[in-house]
Amino acid sequence: MIIAVDGPTASGKGTIARALAARFRLPHLDTGLLYRAVGRQVALNGGNPDDPADALAGCDFPDRLIEDPELRSEECGGLASRVSVHPEVRRALYELQRSFAMRAGGAVLDGRDIGTVIAPEAEVKLFVTASVAARAERRFREMQAQGRSVSLAAIAADLEARDRRDRTRTTAPLVPAADAVLLDTSDLGPAEAISAAIAIAERSIARF
Ligand code: C5P
């Protein structure tokens, strides 16, 4: 069984994907980390993330880079969003994601184009959304907990810029698959969002 979880930054899709993986005992791939690793590698190479050749060269990152805590930073998120617009980069990362999705026992993948491009045949497709205000607030609290000082307005502006780039790119833009179930987590806490996602998944599986 393949479970595809797509949605914008800080929508709660990562938490939901991890919970679904635990509930259905499936391996989980956070595909955003792959794009973040490419962005980071481009920066380490001294390249330009907006240049297709530099971005493609960044796809050749060492496996251990995936473990780098720096990948979770806002800076790497921004770099990831810039390298991910290049079709060359998306092609280079396709095979790895596709083979993860096709694992014999099934898998959970979260990202932006899992239900539309990587695994259109997924039995469960969730598109997780939340308002910009709710997502910015979550990011703000996360960063405060890490002792980092950033303004809520700057976070909201960054989220909107990233959403715009993800939604308007020509290759694999962030759009819900026609058969995805939408889950708006704006007014839900993590436990409520997880319960709602499990209920949606169980309904989708029953229908298959
Ligand atoms: O999900 P996360 O915030 O880690 O993703 C970082 C960036 O990587 C996103 O803003 C998006 O531009 C890109 N991405 C993508 N396709 C995916 C996963 C992430 O384009 N499947």
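Biologist: How far is an N or O atom in the side chain of Arg-90 from an oxygen atom of the ligand?
Modeller: This is a predicted model: local features need pLDDT of at least 70, side-chain atom pairs count only at pLDDT 80 or more, and totals for chains, interfaces and linings use all residues. Residues are numbered from 1 along each chain as its sequence is written, and side-chain values use heavy atoms, without hydrogens or water. An N or O atom of the Arg-90 side chain and a ligand oxygen are separated by 2.8 Å.

Biologist: Which residue has a polar side-chain atom 3.0 Å from an oxygen atom of the ligand?
Modeller: Thr-31 has a side-chain N or O atom at 3.0 Å, but its partner is a ligand nitrogen. The ligand oxygen at 3.0 Å is paired with a polar side-chain atom of Ser-84.

Biologist: How many residues are around the ligand?
Modeller: Being around it takes one heavy atom within 4 Å. Arg-36, Arg-90, Arg-112, Asp-166 and Arg-169 come nearest. The full count around the ligand is 16.

Biologist: At what angle do the axes of helix 2 and helix 5 cross?
Modeller: Helices are DSSP runs (H or I, at least four residues). Helix 2 spans residues 31-44 and helix 5 spans residues 87-101, with axes that come within 11 Å. Angles run from 0 to 180 degrees, and this one is roughly 140°.

Biologist: How many nonpolar residues does the contact of helix 2 with helix 5 have?
Modeller: Helix 2 and helix 5 are oblique to each other. Thr-31, Leu-34, Tyr-35 and Val-38 of helix 2 touch Val-89, Arg-90, Leu-93, Leu-96 and Gln-97 of helix 5, contact being heavy atoms within 4.5 Å. By class there are two polar and one charged, and the nonpolar residues number six.

Biologist: How are helix 7 and helix 8 oriented to each other?
Modeller: Helix 7 covers residues 132-145 and helix 8 covers residues 152-168. Their axes lie 9 Å apart, at an angle of about 125°. Under 35 degrees is roughly parallel, over 145 roughly antiparallel, 65 to 115 roughly perpendicular and the rest oblique. Helix 7 and helix 8 are therefore oblique.

Biologist: How many charged residues are in the contact of helix 7 with helix 8?
Modeller: Helix 7 contributes residues including Arg-135, Glu-137 and Arg-139, while helix 8 contributes Glu-160, Arg-162 and Asp-163 among them. The contact also has eight nonpolar and no polar residues, leaving the charged class at six.

Biologist: How are helix 4 and helix 8 oriented to each other?
Modeller: Helix 4 spans residues 74-83, and its axis is 10 Å from that of helix 8. The angle is about 20°. Helix 4 and helix 8 are therefore roughly parallel.

Biologist: How many polar residues does the contact of helix 4 with helix 8 have?
Modeller: Glu-74, Gly-77, Gly-78, Ser-81 and Arg-82 of helix 4 meet Asp-158, Arg-162, Arg-165 and Asp-166 of helix 8. This contact has no nonpolar and six charged residues, and its polar residues number three.

Conventions:
Helices (H or I, at least four residues) and strands (E, at least two) are DSSP runs, numbered from the N terminus. Ala, Val, Leu, Ile, Met, Phe, Trp, Tyr, Cys and Pro count as nonpolar, Asp, Glu, Lys and Arg as charged, and the others, Gly among them, as polar. A polar contact is a pair of N or O atoms within 3.5 Å; within protein, one must be able to donate a hydrogen and the other to accept it, and residues adjacent in sequence count only if both atoms are side-chain atoms.
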